[in-house]
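Reader: I have a structure to read and do not know where to begin. Could we take its features in turn, with the general idea before the case?

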Amino acid sequence: MGVFDPVLELGRGLMETLRSFWFEPTVTYQYPEQKREVRPRFRGRHVLKRYENGLEKCIGCSLCAAACPADAIFVEASENTDEKRFSPGDRYASTYEINMLRCIYCGFCEDACPTEAIVLGDNYELSFLNRRDAVYTKDLLLESVPTADTLTPRKVESGVYTRSVPEMKDPTD
Amino acid sequence: MDWTIWVEWVVKGFVLCLILLTGFAYLTLYERRALARMQVRVGPNRAGYQGLLQPIADAVKLIFKEELTPAKVYKLVFVLAPVLTVVPSLVLAAVIPLGTSFTLGGRVITLYVANLNVGVLYLTSIASIAVYGITLAGWSSNNKYAMLGGIRASAQMISYELSLGLCFAIAIVMGNSMNLVDIVNAQKDMWFAVAQPVGALIFLIVTLAEVNRAPFDMPEAEQELTAGFHAEYSGMKFALFFMAEYQKMIVISMIAATLFFGGYREFWFLKDTIFSVDRYWFLAPIYLLLKVVVLLFFMIWVRATWPRIRYDRLMAFGWKVLLPLSLVTVFITATGILLNDLYHVTIIGMPVYILAIPVISIACAMVAVSLIFRSLRRKSDGRI
């Protein structure tokens, strides 16, 4: 190492910051206007999914509530009838609430769900002004219907939707 | 005495204070934006166009912040300390010439508040008063970290003040006056920074220590002293310390520009063109502003680049390197000017002794660098 190397190194440091000052583009996202893509396995706000025919996937089994380590989920089930059908099978979730202040976004509810009804989505912009608003109710969580004629509850012919858990195509999947 | 002169003084003093206060507000924005760009960020750009209203938002936030006074502080001194820190930084600017003069209603108005014939002495004395505020703040806070910060500030100030004084001496010798206006006018043909680059460099380093900026910001080292002397301050009292630091940065840059970079004067090679301040008086403040902005950029740049140096090395650097080196540069400068006055030797029209000043000074600086290098290598070899 030469005698003047320390001084040159100081100068090199200065040049490095000057280079980034002039030439390097910033890495900042201008947040509210410019949002960042989430990762494929990102765990954001929950979404209650529907089948393609518009029926709710959730059957009110409360397995998500049982799996929840933070005890954030509350499910109350009611009976389906063919006159007023919400989901396939016998029962549907008449109340489904998640307290977003308790939720730790661990994704255990997703894993526990037998019908893949609850999924942690992409939305991370959760804010509320009081504790009451932190409890997300079913109508907030439920996905919107694909078309207008597939609303729930709806009248269906009897004997079609008897199976609450869909048949697995490939059991090893 | 004519009463209009009082009006003139009051107006000029008021305008100067306004300049410094606005300068402080926008320097914080300037620093945050420049620092952010160096760290590949954007910096505050939300309040107003490109964040231009950010200082106002900051001020409002600080004013409405709760002000805490810890139970066991020495209250009088605790309240007085921020004021003691701010006032010198404002008063310091009084003697700095911002420009030449202009005529208003048949009256010549000079662009400086006071034309002191011992302006440089005034600067040295006022600049060191500011450290009282910092030390007293550290002491009255009744907090170990704050105390350490205050002590560090005073120790650092004493160590670096000497080299600062010697740098002032270089400018005094070269300008052949203690009056700052004369010093600026003496740089008409050549900036002192060109004639004595080592002196200018030492001055820039020392001013960093003087205003407690990185890499010499030991009194407020966040990691070890939790913000040091102003650890116990909040709200507007903290804002006053902040203000003092940034105003001192501005004023010190103005002083550096005045002493070594031609003050309000244009580049020396523009002296007979239309860009000369002798032609248009309003160019002078603009030139000074540009120089100050560049010097402030240097301070921010250094902060973004270099890490804080260890405290014992800071003291060693001040006493063992800067002080001898500045002594040598003062000696070389004075000798060169004296020899030039006695025997005006010229080679192809250039005064030999004057030209020898920067050459020999740079050689001395190189010797100093090599000595530091050798001492550091000895230490790393474990021989000391």
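Author: Start with a hairpin in this predicted model. Strand 1 of chain B and strand 2 of chain B make up the hairpin, with two residues between them. In the turn, Gly105(B) has a positive phi of about 60°.

Reader: How many bridges join strand 1 of chain B to strand 2 of chain B?

Author: In general, strands of a sheet pair through backbone hydrogen bonds, either parallel or antiparallel. Here strand 1 (residues 101-104) and strand 2 (residues 107-110) of chain B run antiparallel and are joined by four bridges. Within the pair, Thr103(B) stands opposite Val108(B).

Reader: In what order do the three strands of the open sheet in chain A stand?

Author: The order is 2-3-5, with antiparallel pairing. Strand 2 (73-79) and strand 5 (135-136) of chain A are at the edges; each has a single partner strand, so one side of each lacks a neighbour in the sheet. Strand 3 (residues 91-99) of chain A pairs with strand 5 of chain A over two bridges. There, Asn99(A) stands opposite Val135(A).

Reader: Glycine held the positive phi in the hairpin turn. Which residue that is not a glycine has a positive phi of about 55°?

Author: That residue is Glu116(A). Its place is the loop between helix 3 (108-112) and strand 4 (118-120) of chain A. Glu116(A) is exposed, because 12 other C-beta atoms lie within 10 Å, and a residue counts as exposed at 12 or fewer. Val40(B), also not a glycine, has a positive phi of about 60°. Val40(B) lies in the loop between helix 1 and helix 2 (54-64) of chain B. With 13 C-beta neighbours inside 10 Å, Val40(B) is partly exposed.

Reader: What does Arg33(B) contact, leaving aside its neighbours within four places in sequence?

Author: Arg33(B) is in contact with Gly43(B) and Gly51(B). Arg33(B) belongs to helix 1 (residues 3-38) of chain B. It has 19 other C-beta atoms within 10 Å and is therefore partly exposed, since buried begins at 20. Arg33(B) and Ile300(B) are 267 residues apart in sequence, yet their C-alpha atoms are 10 Å apart in space.

Reader: At what angle do helix 10 and helix 11 of chain B pack?

Author: Two packed helices are described by the angle between their axes and the distance between the axes. For helix 10 and helix 11 (residues 283-305) of chain B, the angle is about 115° and the axes are 9 Å apart. The crossing is right-handed. Helix 10 of chain B brings residues including Met249(B), Ile250(B) and Ala257(B), which meet a set in helix 11 of chain B that includes Leu288(B), Val292(B) and Met299(B). The residues of this contact divide into ten nonpolar, one polar and one charged.

Reader: Which residues touch the most other members of the largest nonpolar core?

Author: In soluble globular proteins, nonpolar side chains tend to be buried together. The largest nonpolar core here has 105 residues, and Ala171(B) and Phe260(B) touch the most other members. Helix 10 (residues 235-260) of chain B gives the most to this core, with 17 residues. Not counting residues up to four places away in sequence, Ala171(B) touches Val120(B), Ile183(B), Phe192(B), Leu259(B) and Phe260(B). A second, separate core has 20 residues, among them Leu55(A), Cys61(A), Val75(A) and Tyr96(A).

Reader: How many residues does each chain give to the contact between chain A and chain B?

Author: Chain A gives 15 residues and chain B gives 13 residues. On the side of chain A, the residues divide into nine nonpolar, five polar and one charged.

Definitions and conventions: Residues numbered from 1 in each chain as written. Chains lettered and ligands numbered in written order. Predicted model: local features only at pLDDT ≥ 70, side-chain atom pairs only at ≥ 80, totals over all residues. Contact = placed C-beta atoms within 7 Å. Nonpolar A, V, L, I, M, F, W, Y, C, P; charged D, E, K, R; others polar. Core = buried A, V, L, I, M, F, W, Y, C linked by C-beta atoms within 7 Å. Pairing = 2+ DSSP bridges. Axes fitted to C-alpha atoms, helices over the stretch in contact; angles between N-to-C directions. Left-handed = near helix turned anticlockwise from the far one by under 90°.
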